[in-house]
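Reader: Before we talk, could you put the sequence and the model in front of me, so that I can follow each point on the structure itself?

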Amino acid sequence: MRLGLLYDGLYPSLAAHLLLAGLLLLVSWSTLNATLALIWLLLLLLVLVGRLFSGYWYRCVSSSVDFDVERSLRIFRVGAFLSGLTWGIGIWLLFPADELAIQVFFAFVVAGMCAGGMTSLAPDRISALLLITPALLPLISHFLLQADPMSLSMSGMILLFLLFLVATGGRLQKVLQHNDQLMRSISDSEAQFRALVDNIPGITYRCLADEHWTMIFMSDQVDPLSGYPASDFINNAVRSYASVIHPDDRAMTDRVVQAALKAGNDWQVEYRIVHHDGSFRWAMERGAAVRSLENEVICLDGFILDITEQKQGIKQIKNQLRAFATLHEIVSGSVKDLRQQLQQALRLGSDYLELDLGIVSCIKSTSYEVFACVAPKEMPIHPGQVFQMGQTYCDLTLRQGDLVAVDHVGQSAFSGHPCYKETSLEVYLGMPVEVAGQVFGTLSFTGRMPRDKAFSDGEKMFVRLLARWVGAVIAGDRADQALQLNTIRLRGLFELSPLGIALNDFETGRFLEVNETLVQAVGYSRAELLSLSHLGLTPGHYWKQESVQVKKLLDTDRFGPYEKEFVRKDGSSFPVLLNGMLVVDPDGRKLVWSIIEDMTDRKRIERMKDQFVSTVSHELRTPLTSIAGALGLLAGGVMEHFPEKTTQLIDIAHSNSKRLISLINDLLDMDKLLEGQMKFSIKTHPLFPLLKQSIHDNQLYADQYAVQLKLQTVADADLLVRVDEQRLQQIMANLLSNAAKFSPAGSEVTIDLQLLDASVKVRVIDQGPGIPEDFRSRIFEKFSQLDGSSDRLKGGTGLGLAITRELVEQMGGSIGFDTVTQGGTCFWFELQRVSRFIPGNRIKE
Amino acid sequence: MVLQRILLVEDEADIQAVARVALEMVGGFEVQVCSSGQQALQEAEAFSPDLLVLDVMMPGMDGPDTLKALRERSTLAEVPAIFMTAKVQPAEVEYYRSLGALGVIAKPFDPMMLANQVRQLVEEGA
């Protein structure tokens, strides 16, 4: 910077040099050697032109990046020295002898030049010394050489002047240096301030308190806010700041600022800025007055923030909150009827969206039915109305499968839509409605006037959520209806059930629900019954069994079949059969559902049946005994001999009466077996003697068919089984008589034994025709007989094998048959073998 | 002991007839038939039977009661007895034996076999 000052002073000082030189030559021309004077002038001009060039050179290089300060200083110092030397040479050559006046003039000119040089070269002391020392020394020496008192004092004075200049130059340089530092620190802090201002997220300004907001200073950030550079506003160069404040906000802004100024406060104000592009942007300004000592307002300082985004965010949030509030109002509505509920929702929805028409539609293939709607009076739309799907905007929504929002149909791709041609509705916002995962229809809002802006995210979200709610409400309504229907049906079943049904609390046993059948059966009123526990209906002697059933209920969640009695209100009791299950209600309470069958009738019928069977057994058997007996005697030829034809008929009657007896016996046996009333006296028997006995007993029967029964096994006294002897003989009789019946005359029926691990298999093998394929699966069923007259002739009731199976199974065995490959059938039954035990020791079997 | 005279106590007339034929004509016994327990009590001693054959199910006095009553007469105390009944479950048979009967003949009986059955039971009991 000091270098700059040196060079700045170069041109004037060169001019001063030239002027002084001209003056010197002019005044002293008469005393001078003209030639020498001209040579010196040329020399001086040469030096001055050189320095002129150095000044020009400096101009050129000082702004370049790699500018060398030291070099420029050196060049400047050389220039100064050359100037001083030229002057010194001039004084030395031209100093007039004996012309005191001229001499003094010379001294005056050179001293003036030095004083001037001293000032202009103040920034660099060395340059100043290089200038003045060669310029003054020849003058001092000239005066000194004259050696007269006057000259001597002149030289002393000039020397003093030189010393004085040198001293002054030092001080001047110090002042300049100090100034230099000061300037540098000011420049630094300004740079810092700039950086600070540039980094503040907003605009800093200083303005006058006038109606234009005339800016004294304004930071560049005003550009993005307003679209104009800061320089436009500073001193209202192009426009005033007031002019970009939204006209509607100006008065308010002024009012706020004036009030704050009056009160001596800071102010904060929000207003809109009309941006260069025509849009609005929101600004928030904080400011304070800068006042003089006399408390006069000098200017205003402040800070402006662009809050457009926050404002938009707040607006969006407000909008969404309003949507939520509306949704909440819809959802928490107290209306229970579905259509009314939907209508209310549509009304609130269309109010919120500021649209005319709201519809929930039900869509089936191509028909669009209005399910619920709100519409202005002049638009005749009502629930139940049916449209062609393609004529509604909703077909766009269904095709899209998602939200469709059109804020100006006429200017959209849908302007050719049939609905637009028909209705010229400009705004459409629609969303599919799903019920239980299936498309039900649509929720749509439409308006007649185009909107000035697109639907916001909040509005779209609102419609999405509302559509979801509508789907849920419709699904809920359907479920309600189904539930109601189901409940009615179940209630009907419950009340009309011929079985008593009760729901009891598991802990207390209290009746919680009872049906009419139970109420009727116990003779209590419903209310009385609901105040009782099931133990209140149970006779005391059942309480032990009761606890068994409770345990079963806890272990398996079920109890029963449990036969007990219930005590009626009048004290009488009746038999019941209970079955039930444990359920847990949503509160975790254990409940018991019971089906209560009144067994009174069943018991009575059982008794009747028993009596009937008993009657049959005795009343039928007694006359049959007589008939069969009488016929037996006749057939036996006890009385007299009848003609052959008569004997034949008597034989037929006799054999059929015997068949009738065995039929009745079988029926009675079967009945007992199935009822579990057949008594078995199970004892341990050696098997072999029993089989031998059966052969003995049945050979007579087999003889009728000329069939030989044969036991094909060796006696083994250790082969024991646990059976009812009589029943085993019955089993054997059935199997042997069957085998004999179906064997060809002259053949054998073989009985043998197979010892298995823990059991023994008794096999009865015949040589008959075998069992037809299609009969095999039914052979052990009741009343199963081979069809066909030839088999009927074999006699039998069709119960024999069924009874046999029951007998075997009830004695813990199993029964079956195998078809023998070379013809014939093998019926077998298997019984558990019993080991003969001596305590702690096992004897070989 | 020679088995010749059989007292048959049976309420059913048809069965009486069949049994009488079976025992007399087939078996060659001498048979006195009583239609009830009371009648048997009145006529038994006079008849002096070698064997009593009693039906179990009878109106009024049944077979077991009749046997007990007859046994109280000194002359009849040792006479062997047989029951005729449809109830021939082992437990029932045991019960009849406990009353002092030789055994049981199952109804309906085979008239041609009846005499043999009677003889067999008496021989087994002897």
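Reader: What is the accessible surface of chain A, and what share of it belongs to carbon and sulfur atoms?

Author: The model is predicted, so local features need pLDDT of at least 70 and side-chain atom pairs count only at pLDDT 80 or more, while totals for chains, interfaces and linings use all residues. Residues are numbered from 1 along each chain as its sequence is written, chains are lettered from A and ligands numbered from 1 in the order in which they are written, and side-chain values use heavy atoms, with hydrogens and water left out. By the Shrake-Rupley method with a 1.4 Å probe, where for residues only the protein chains shown count as cover, the accessible surface of chain A is about 45900 Å², and the share of carbon and sulfur atoms is 58%.

Reader: How many helices and strands are there in chain A, and what is its radius of gyration?

Author: Counting DSSP runs numbered from the N terminus, with helices as H or I of at least four residues and strands as E of at least two, chain A has 24 helices and 25 strands. The globule rule, 2.2 Å times the number of residues to the power 0.38, with the radius taken over C-alpha atoms, gives 28 Å for 845 residues, so chain A is more spread out than a compact globule, with a radius of gyration of 67 Å.

Reader: Is Asp585(A) buried or exposed?

Author: Asp585(A) sits in the loop between β15 (573-584) and β16 (590-598) of chain A. Buried means under 20% relative accessible area, exposed over 50% and partly exposed in between, with a 1.4 Å probe and protein chains only. Since its relative accessibility is 16%, Asp585(A) counts as buried.

Reader: Which strands of the open sheet in chain B stand at the edges?

Author: In general, strands of a sheet pair through backbone hydrogen bonds, either parallel or antiparallel. Two strands pair here if DSSP finds at least two bridges between them, and the five strands of chain B follow the order β2-β1-β3-β4-β5 with parallel pairing. Each edge strand has a single partner, so one side of each is left without a neighbour in the sheet, and these strands of chain B are β2 (30-34) and β5 (103-106).

Reader: Which residue in β5(B) is the bridge partner of Met84(B)?

Author: Strand β4 of chain B, residues 81-85, pairs with β5(B) in the parallel sense over four bridges. In β5(B), the bridge partner of Met84(B) is Ile105(B).
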